[in-house]
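Visitor: I'd like a close look at just one part of this protein. Could you pick a helix and walk me through it slowly?

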Amino acid sequence: MQQVIDQATRRVLQGERVPASEKLVSLFEPHTTIIRNGKIQRPAEFGRAIWLDEVEGGLISRYAVLDGKPGDVEQLKPSLDHHLAVFGKPPDVLTADRGVYSTGQ
């Protein structure tokens, strides 16, 4: 409760912008974070972001609960490393959202 009071005081009374990483958004699930998708017209979402690795047939081979909303490009290497460790070879085909694309990879 002290964190909620401090947060409200800073935002409402002092007019301070409190960074999302310092905000408590749920008293019942304190691990809940604010997820912004970078699109102005879309409202903020609350919860946790997850990353799913899917193999042929729609089977989930790995999942990761992410801290905040890191860039998608950062998730590709752990996914490929896990796939190599489990299946012993790289995937024949790799598809992903455009956020995974990077000229450096």
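Guide: Let's take helix α2 and work outwards from there. Keep in mind that this is a predicted model. To get your bearings, the protein has 2 helices and 4 strands, and from the N terminus on they come in the order α-β-β-β-β-α.

Helix α2 covers residues 76-87. Here's a quick check you can follow: at 1.5 Å a residue, its 12 residues should span 16 Å, and the C-alpha atoms at its ends are indeed 16 Å apart, so the two values agree.

Now, which residues of α2 are buried? They are Leu76, Ser79 and His83. Look down the axis of α2 and the buried residues fall within an arc of 65 degrees, so they line one face of the helix. Swing round to the other side of α2 and you'll find Lys77 and Ala85, which are exposed.

So much for the helix by itself; what about its surroundings? The cover over the buried residues of α2 includes strands β3 (50-55) and β4 (59-65). Leu76 also belongs to the largest nonpolar core, a set of 7 residues that it shares with Ile35, Ala49, Trp51, Ala64, Leu66 and Val100. That fits a broader pattern: in soluble globular proteins, nonpolar side chains tend to be buried together. Another member of that core, Ala64, touches Ala49, Ile50 and Trp51, leaving aside residues up to four places away in sequence.

Finally, step just past the end of α2: there Gly88 takes a positive phi of about 75 degrees.

How values were computed. Residues numbered from 1 in each chain as written. Predicted model: local features only at pLDDT ≥ 70, side-chain atom pairs only at ≥ 80, totals over all residues. Heavy atoms only, no water. Expected span 1.5 Å × (residues − 1). Buried < 20%, exposed > 50% of the residue type's maximum accessible area, 1.4 Å probe, protein only. Arc of directions from axis to C-beta. Contact = heavy atoms within 4.5 Å. Core = buried A, V, L, I, M, F, W, Y, C linked by side-chain atoms within 4.5 Å.
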